[in-house]
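Biologist: Could you take me through this model, one topic at a time?

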Amino acid sequence: MSPVERLCVRCGKPVTRFYKDYTVFERMHWLCFHLEFEHNGDPDEPCNDPSCPWWHIDVYKRKLQELGLDPQRVLNDAIDQRWNF
């Protein structure tokens with residue numbers, strides 16, 4: 001199956017990263033599948049599913065704060081590094 005044939009039925013964009021699981025995820029990106037079938041509540045807020053990327057971000061933010069780091073500063077540094085490689 002070519003990448004052109006693997007279009008996400010939710011967003012319409014090509015599925016490339018998890019293309020081997022295209023049928024498992026109901027012909028969607030993994031994230032589109034999560035938001036469509038697994039995510040409870042506001043899509044912009046974390047849900048209770050341990051695979052939820054928003055939940056992961058919250059976990060990482062809390063851990064950074066626990067370690068005495070400012071999550072926003074860590075992100076800003078990463079952005080600077082990415083664009084000033």
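Modeller: Let me begin with E26, which lies in the segment before helix 1; helices here are DSSP runs of H or I with at least four residues, numbered from the N terminus. This is a predicted model, in which local features need pLDDT of at least 70 and side-chain atom pairs count only at pLDDT 80 or more, while totals for chains, interfaces and linings use all residues. Residues are numbered from 1 along each chain as its sequence is written, and side-chain values use heavy atoms, with hydrogens and water left out.

Biologist: OK, what's the phi of E26, then?

Modeller: The phi of E26 is positive, at about 55°, even though this residue is not a glycine.

Biologist: And is E26 buried or exposed?

Modeller: Neither extreme applies, since E26 has a relative accessible area of 46% and is therefore classed as partly exposed, the term for values between buried (under 20%) and exposed (over 50%), with a 1.4 Å probe and protein chains only.

Biologist: What about R27, how does its phi look?

Modeller: R27 also has a positive phi, of about 65°, and is not a glycine either. R27 is found in the segment before helix 1, and with a relative accessible area of 46% this arginine is partly exposed.

Biologist: Switching topic: how many salt bridges does the structure hold?

Modeller: There are 3 of them, where a salt bridge requires a side-chain nitrogen of Lys or Arg within 4 Å of a carboxyl oxygen of Asp or Glu.

Biologist: Which residue does R10 pair with?

Modeller: R10 pairs with E36, and the closest N and O atoms of that salt bridge are 2.6 Å apart. The contact joins distant parts of the chain, because R10 sits in the segment before helix 1 (30-38) whereas E36 belongs to helix 1, 26 residues apart.

Biologist: How exposed are R10 and E36?

Modeller: Both count as partly exposed, with relative accessible areas of 40% for R10 and 42% for E36.

Biologist: And where in the chain do E66 and K63 sit?

Modeller: These two are in helix 2 (residues 53-66), and because they are 3 residues apart there, about one helical turn separates them. Their side chains meet in a salt bridge, with an N to O distance of 2.8 Å. As for accessibility, E66 is exposed at 61%, while K63 is partly exposed at 42%.

Biologist: Which residue does D77 meet in a salt bridge?

Modeller: D77 meets R73, at 3.3 Å from N to O. Both residues lie in helix 3 (residues 71-83), 4 residues apart, which is about one turn of the helix. D77 has a relative accessibility of 29% and so counts as partly exposed.

Biologist: Now the loops: where is N40?

Modeller: N40 is placed in the loop between helix 1 and helix 2, and because its relative accessibility is 61%, this asparagine counts as exposed.

Biologist: What separates N40 from W54?

Modeller: Along the chain they are 14 residues apart, and their C-alpha atoms are separated by 12 Å.

Biologist: Last one, where is L69 found?

Modeller: L69 is found in the loop between helix 2 and helix 3. Its relative accessibility of 42% puts L69 among the partly exposed residues.
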